[in-house]
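I opened this model to see how its strands and helices are put together. My notes follow in the order in which I looked things up.

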Amino acid sequence: MYTFRKQERLCSKKSIDALFQSGQRMMAFPYSVHWMLCPVDELPEGVFAQVLVTTSKKKFKHAVDRNRVKRLTRECYRKQKEGLYTFLRGKDVALLLAVNYIHHEIFPYDVCYHKMGKLLAALTKEIEQRLAVIE
């Protein structure tokens, strides 16, 4: 479960456009998140969430720094996605997620890990509320 395979990465231009046009937005410093629920059959089998990780060229001028932030963010997500997957598995929905690092400094790993945990917990709570309204 502690992997981040190609199928879990959001690469489809069509899906990315739909996510940013009609998805929900949430802030959890230092992350800004766009998310959208979709039917589980739109994603590959066994995948309940597809994730896009970005950071701004304006905030980090050097590609080395941007790559470091994205690598750090992906690692924090990879280690904590189990709870999100467990929640989504029972709901018969899938999640498209774009995580943007918005701070101008690179936080240490332990801070990013803690913030990603808070983000995923808040996201799970928000999805649960949305699904309760739909049902």
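Entry 1, the crossover. The model is a predicted one. I began with E3, helix H2 and E4, which together make a β-α-β unit of left-handed sense. In this unit H2 spans residues 63-89.

Entry 2, the two strands of that unit. I checked how strand E3 (residues 49-55) pairs with E4 and found seven bridges in the parallel sense. For a register point I took Val 53, whose bridge partner in E4 is Val 99.

Entry 3, the other neighbour of E4. Strand E2 (residues 31-39) is joined to E4 by nine bridges, and the two run antiparallel. I noted two positions here: Cys 38 is opposite Ala 94 in E4, and Leu 37 is opposite Leu 95 in E4.

Entry 4, cover on E4. How many residues of strand E4 are buried? I counted eight of the nine in residues 93-101, so the strand is mostly covered, taking buried as under 20% relative accessible area.

Entry 5, the whole sheet. I read the strand order as E1-E2-E4-E3, an open sheet of four strands with mixed pairing. Strand E1 (24-28) and E3 are the edges, each pairing on one side only. Ignoring direction, neighbouring strands of this sheet are turned against each other by 20° on average.

Entry 6, helices on the sheet. Helix H1 (residues 13-22) packs on the sheet and touches E1, E2, E3 and E4. The direction of H1 makes about 110° with that of E2. H3 lies across E1, E2 and E4, and I noted an angle of about 40° between H3 and E2.

Entry 7, helix against helix. I described this pair in the usual way, by the angle between the axes and the distance between them. H2 and helix H3 (residues 109-134) pack with their axes 9 Å apart, at an angle of about 30°. Because angles under 35 degrees count as roughly parallel, H2 is roughly parallel to H3. The crossing of H2 past H3 is right-handed.

Entry 8, side of contact. Which residues of H2 meet H3? On the H2 side I listed several, among them Leu 72, Cys 76, Tyr 77, Gln 80, Leu 84 and Phe 87. The H3 residues they meet include Tyr 109, Cys 112, Tyr 113, Met 116, Gly 117, Leu 120 and Ile 127. Charged residues are also on the list, including Glu 75, Lys 79 and Lys 81 in H2 and Glu 128 in H3.

Terms used. Residues are numbered from 1 along each chain as its sequence is written. This is a predicted model: local features need pLDDT of at least 70, side-chain atom pairs count only at pLDDT 80 or more; totals for chains, interfaces and linings use all residues. Side-chain values use heavy atoms; hydrogens and water are left out. Buried means under 20% relative accessible area, exposed over 50%, partly exposed in between (1.4 Å probe, protein chains only). Two strands pair if DSSP finds at least two bridges between them. A crossover is right-handed if, with the strands pointing away from the viewer, the path from the first strand over the helix to the second runs clockwise. Axes are lines fitted to C-alpha atoms, for helices over the stretch in contact, and angles run from 0 to 180 degrees between N-to-C directions. Angles under 35 degrees count as roughly parallel, over 145 as roughly antiparallel, 65 to 115 as roughly perpendicular and the rest as oblique. A crossing is left-handed if the near helix is turned anticlockwise from the far one by less than a right angle, and right-handed if clockwise. Contact means heavy atoms within 4.5 Å.
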